[in-house]
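Colleague: I should be grateful for a close look at the salt bridges in this model. Please describe which residues form them and how exposed each partner is.

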Amino acid sequence: MFLIGTGDSRVTNEVRLEGVPKAAQIASYAPDNSLIAVSSLNSDLVSLIGPSFRQQTATKVGSQPMGMAAFRGDELFVACYGDGSVHVIDIPKQLAKHNFRADTGCESLGFF
């Protein structure tokens with residue numbers, strides 16, 4: 001993942017995602033900027049990265065995670081395209097606490 005400065009649009013830092021063999025898929029930011037979640041279609045992981053970009057946790061979810069719903073309290077919902085599951089990550093514990101079946105090809109989520 002590349003960090004780009006807003007002033008000059010230059011790459012200021014690069015963060016390698018732990019356990020992710022290829023490029024990441026989608027990034028989602030917590031409303032208070034305390035956490036970035038990055039999905040990887042090429043692994044079964046969601047990377048949870050702190051604001052310093054020095055601390056990260058690879059959280060196991062279903063097959064081919066893609067879209068994530070907006071952060072909701074202490075939870076993050078992750079759509080897994082490959083197996084049609086939705087995994088709910090407990091943000092403070094940085095673990096998937098439960099999941100449920102949506103449908104194969106599930107790739108986007110949202111709250112209204």
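Modeller: A residue is called buried when its relative accessible area is under 20%, exposed when that area is over 50%, and partly exposed in between. The model is a predicted one, and three salt bridges are present in it.

I begin with the pair that includes a buried residue. Glu75 has a relative accessible area of 16%, which is under 20%, and therefore counts as buried. Its partner in a salt bridge is Lys97, and the closest N and O atoms of the two lie 2.6 Å apart. This pair links distant parts of the chain, since Lys97 belongs to strand E10 (residues 95–101) and Glu75 to strand E8 (residues 75–80), with the two positions 22 residues apart in numbering. Lys97 is partly exposed, at a relative accessible area of 43%.

A further salt bridge joins the side chains of Asp44 and Lys60, at 3.2 Å from N to O. Here too distant parts of the chain are linked: Asp44 lies in the loop between strand E4 (36–39) and strand E5 (45–49), whereas Lys60 lies in strand E6 (residues 56–60), 16 residues apart. Asp44 is partly exposed, with a relative accessible area of 29%, while Lys60 is exposed, at 54% relative accessibility.

The remaining salt bridge is formed by the side chains of Glu14 and Arg16, with an N to O distance of 3.4 Å. Glu14 has a relative accessible area of 40% and is partly exposed. Arg16 reaches 66% relative accessibility, which is over 50%, so Arg16 counts as exposed.

Definitions and conventions: Residues numbered from 1 in each chain as written. Predicted model: local features only at pLDDT ≥ 70, side-chain atom pairs only at ≥ 80, totals over all residues. Heavy atoms only, no water. Salt bridge = Lys/Arg side-chain N within 4 Å of Asp/Glu carboxyl O. Buried < 20%, exposed > 50% of the residue type's maximum accessible area, 1.4 Å probe, protein only. Helix = DSSP H or I, 4+ residues; strand = E, 2+ residues; numbered from the N terminus.
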